[in-house]
Amino acid sequence: RSFEEEAKQISIGQRCLLGDGTRRGEVKFVGKVPEIGFGFFIGVQLDEPMGDCNGSQKGKKYFTCDKNYGIFVRPNYVKVGDFPPVDEFNELEDEI
């Protein structure tokens with residue numbers, strides 16, 4: 001499937017897990033970001049400051065979040081679903 005086809009399966013507001021399996025967040029942007037490459041990207045506001053932007057690329061604002069909470073990735077790197085924010089203080093999560 002193409003990035004465009006994969007992007008059409010993703011909606012703003014959905015919770016997601018990135019392909020590295022550790023970073024979770026909320027989809028804030030779906031579309032083209034010519035400043036970083038050809039084709040479709042997903043803009044994600046991460047739950048933790050593990051990103052590389054604040055929702056902007058080369059001065060153009062695509063969505064708003066705090067510094068290092070934003071990241072743009074290819075659609076095939078995003079898995080949408082029921083991925084609640086990680087509660088580091090909930091020890092039960094490791095046992096489930």
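This report walks through the fold of one predicted chain, from its overall dimensions to one edge of its sheet.

## Overall dimensions

Let's start with the whole chain. Its radius of gyration is 14 Å, which agrees with the value near 12 Å that a compact globule of 96 residues would have. Along the principal axes, the C-alpha atoms fill a box of roughly 40 × 30 × 20 Å.

Of the 96 residues, 36% count as buried. The chain exposes about 6100 Å², and carbon and sulfur atoms supply 49% of that area. If you like to think in contact maps, take the contacts with a separation of 6 or more: residues 24 or more positions apart account for 46% of them.

## Secondary structure and sheet

The chain has one helix and seven strands, and along the sequence they follow the pattern α-β-β-β-β-β-β-β.

Five strands come together in an open sheet, ordered S6-S3-S2-S1-S7, with antiparallel pairing. At its edges are strand S6 (70-73) and strand S7 (78-80), each of which pairs on one side only. From one strand to the next, the twist averages 45 degrees.

## A closer look at S6

Strand S6 is joined to strand S3 (residues 40-46) by four bridges, and the two run antiparallel. Within this pairing, Val44 has Ile71 of S6 as its bridge partner, while Gly43 stands opposite Phe72 in S6.

Is S6 buried or exposed on its two faces? Both faces are covered: Gly70 and Phe72 are buried on one side, and Ile71 and Val73 are buried on the other. Thus Ile71, the bridge partner of Val44, and Phe72, opposite Gly43, belong to opposite faces of this strand.

Conventions: Residues numbered from 1 in each chain as written. Predicted model: local features only at pLDDT ≥ 70, side-chain atom pairs only at ≥ 80, totals over all residues. Heavy atoms only, no water. Pairing = 2+ DSSP bridges. Axes fitted to C-alpha atoms, helices over the stretch in contact; angles between N-to-C directions. Buried < 20%, exposed > 50% of the residue type's maximum accessible area, 1.4 Å probe, protein only. Rg over C-alpha atoms; globule rule 2.2 N^0.38 Å. Contact = heavy atoms within 4.5 Å. Areas by Shrake-Rupley, 256 points an atom, 1.4 Å probe, with all protein chains shown as cover.
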